[in-house]
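Trainee: I would like to go through this model with you slowly, one question at a time. May I ask first about single residues and then about the chain as a whole?

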Amino acid sequence: MCGLVGSFHQFLVARAVLGVGEAPQFPAGAKVVSEWFNVRDRGTPTGIFVGASTIGPCIAPPVLTAMMLAFGWRWMFIITGLVGVVVAVGWYLLYRNRAEVELTREETAHLEEGVDMGGVNRSLTFREWRGLFGHAATWGMIFGFMGVIYMVWLYLTWLPSYLEHERGLSVARTGWVVAIPYLFGTVGMLCAGQIADRLYRAGAGLIASRKWPVCVGLLGGAAFTVPAAFTPSVAMAVVFLCFAMFFINMASAACWMMVSVISPQRQVASLGSIQNFGGYFAGSFAPVITGWIVQTTDSYVNALLASAVVAGVAAVAYLVLVRKPLPGVAAAEASA
């Protein structure tokens with residue numbers, strides 16, 4: 001619908017509806033992983049499914065730039081929307097919830113090993129959902145994801161403009177250069193799953209094996225954003241941005257890995273939605289704050305430094321608050 005609008009107001013409405021449609025993707029993905037993978041092995045598949053969120057922005061800039069230059073911005077939106085419809089239909093036809101599939105006794109035992117399945121099929125009450133906000137871990141996950149999404153949205157919305165206006169790249173060249181940091185972000189997400197699973201197998205608890213990649217990722221993203229802001233070299237700025245994207249997306253993936261191990265299986269999607277809300281609530285301010293800073297200072301330096309501070313504070317909040325599993329998690333899952 002974004003390609004068919006006739007006014008800015010209509011465009012905002014179409015974008016808002018798009019946001020509503022996007023919202024269930026990550027919580028549903030976390031729920032899928034919790035249903036189809038043993039608690040010990042959820043890191044790698046989580047890294048794979050969240051990696052799609054950087055593969056898309058990686059291939060989008062050159063592809064969309066070419067489409068926009070060739071067909072105009074309206075057809076760019078229309079074509080990508082139609083592709084989304086095809087993907088949605090394919091998912092609906094191919095995916096099956098666990099309850100819809102007949103499993104062998106051995107398969108069921110493998111999936112449920114170390115997991116408290118009590119009440120897993122019972123609907124979550126509003127009181128239980130509200131009770132999720134009474135745990136420090138929930139707020140730690142919210143604040144941590146705020147730092148992640150603030151930086152993600154800073155780069156997602158302002159990186160092309162930054163490269164074009166601050167670094168002097170052409171529109172056509174920017175489309176290709178923007179893809180490089182997102183390629184590193186994809187690698188960061190995939191590595192996060194491997195790191196989390198290997199940490200657990202090396203003796204770290206399930207919570208610790210997810211917690212440390214989040215904290216290190218947030219701090220790493222902040223650390224590499226600072227030199228990216230100050231270096232006079234375009235090439236080095238891109239290098240630093242690549243490493244910043246690697247670490248911040250490693251943190252993003254690990255945040256979703258935490259969702260599936262810190263809460264009972266029947267609360268995974270609800271906790272994931274709460275984390276997602278917190279992250280994107282903060283992330284929604286990133287374009288506005290960045291735009292205000294750039295307009296006021298005529299530079300992106302302070303905007304990048306502000307995002308580094310946000311990520312650093314989020315890492316501290318995650319480290320301090322995310323310590324214990326939520327009630328109802330089995331002993332094997334609760335090992336931290």
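Trainee: Does Gly-203 count as buried or exposed?

Mentor: The model is a predicted one, and every value that follows is computed from it. Gly-203 lies in the loop between helix 8 (171-201) and helix 9 (206-230). Its relative accessibility is 64%, and since the cut-off for the upper class is over 50%, Gly-203 counts as exposed.

Trainee: What distance separates the C-alpha atoms of Gly-203 and Ile-59?

Mentor: Gly-203, in the loop between helix 8 and helix 9, is 144 residues from Ile-59 along the chain. In space, the separation of the C-alpha atoms of Gly-203 and Ile-59 is 37 Å.

Trainee: Where is Gln-265 found, and is Gln-265 buried or exposed?

Mentor: Gln-265 has its place in the loop between helix 10 (234-262) and helix 11. With a relative accessibility of 7%, and with the cut-off for burial set at under 20%, this loop residue, Gln-265, counts as buried.

Trainee: How many Å separate the C-alpha atoms of Gln-265 and Ser-34?

Mentor: Along the chain, Gln-265 and Ser-34 are 231 residues apart. In space, however, the separation between their C-alpha atoms is 6.6 Å.

Trainee: Which residues does Met-257 touch, not counting residues up to four places away in sequence?

Mentor: Met-257 is found in helix 10, and its relative accessible area of 0% places Met-257 in the buried class. The C-alpha atom of Met-257 is separated by 28 Å from that of Pro-61, which is 196 residues away along the chain. With residues up to four places away in sequence left out, the residues that Met-257 touches are Gly-43, Thr-46, Gly-47, Met-189, Ala-192, Gly-193, Ala-196 and Arg-210.

Trainee: Why does Ser-270 count as buried, and with which residues is Ser-270 in contact?

Mentor: Ser-270 has its place in helix 11 (residues 268-283). Ser-270 counts as buried because its relative accessibility is 18%, and the cut-off is under 20%. Leaving aside neighbours within four places in sequence, the contacts of Ser-270 are Leu-124, Trp-129 and Leu-132.

Trainee: Which residues does Leu-326 touch, again not counting those up to four places away in sequence?

Mentor: Leu-326 is found in the loop between helix 13 (301-321) and helix 14 (331-334), and with a relative accessible area of 3% Leu-326 is buried. From Phe-240, Leu-326 is 86 residues away in sequence and 37 Å away in space, C-alpha to C-alpha. The residues that Leu-326 touches, under the exclusion you state, are Leu-132, His-135, Ala-137, Thr-138, Ile-262, Ser-263, Pro-264, Gln-267 and Leu-271.

Trainee: Why is there no bond between the sulfur of Cys-215 and the closest cysteine sulfur, and how many disulfides does the structure hold?

Mentor: Cys-215 is buried, with a relative accessible area of 5%, and Cys-242 likewise counts as buried, at 4% relative accessibility. The cysteine sulfur closest to that of Cys-215 belongs to Cys-255 and is 8.8 Å away, which is too far for a bond, given that a disulfide needs sulfur atoms within 2.5 Å. For the structure, the number of disulfides is 0.

Trainee: How many helices and how many strands are there in the chain?

Mentor: Read along the sequence, the pattern of the chain is α-α-α-α-α-α-α-α-α-α-α-α-α-α. The chain therefore has, by the DSSP runs that define helices and strands, 14 helices and 0 strands.

Trainee: What radius of gyration does the chain have, beside that of a compact globule?

Mentor: The C-alpha trace spans about 60 × 40 × 35 Å along its principal axes. Among contacts between residues at least 6 apart in sequence, 81% join residues at least 24 apart. A compact globule with 336 residues would have a radius of gyration near 20 Å, and the chain agrees with this, at 20 Å.

Trainee: What share of the residues counts as buried?

Mentor: The accessible surface of the chain comes to about 16,400 Å², and carbon and sulfur atoms account for 70% of it. Of the 336 residues of the chain, the share that counts as buried is 45%.

Definitions and conventions:
Residues are numbered from 1 along each chain as its sequence is written. This is a predicted model: local features need pLDDT of at least 70, side-chain atom pairs count only at pLDDT 80 or more; totals for chains, interfaces and linings use all residues. Side-chain values use heavy atoms; hydrogens and water are left out. Helices (H or I, at least four residues) and strands (E, at least two) are DSSP runs, numbered from the N terminus. The radius of gyration is taken over C-alpha atoms; the globule rule is 2.2 Å times the number of residues to the power 0.38. Buried means under 20% relative accessible area, exposed over 50%, partly exposed in between (1.4 Å probe, protein chains only). Contact means heavy atoms within 4.5 Å. Accessible areas come from the Shrake-Rupley method with a 1.4 Å probe; for residues, only the protein chains shown count as cover.
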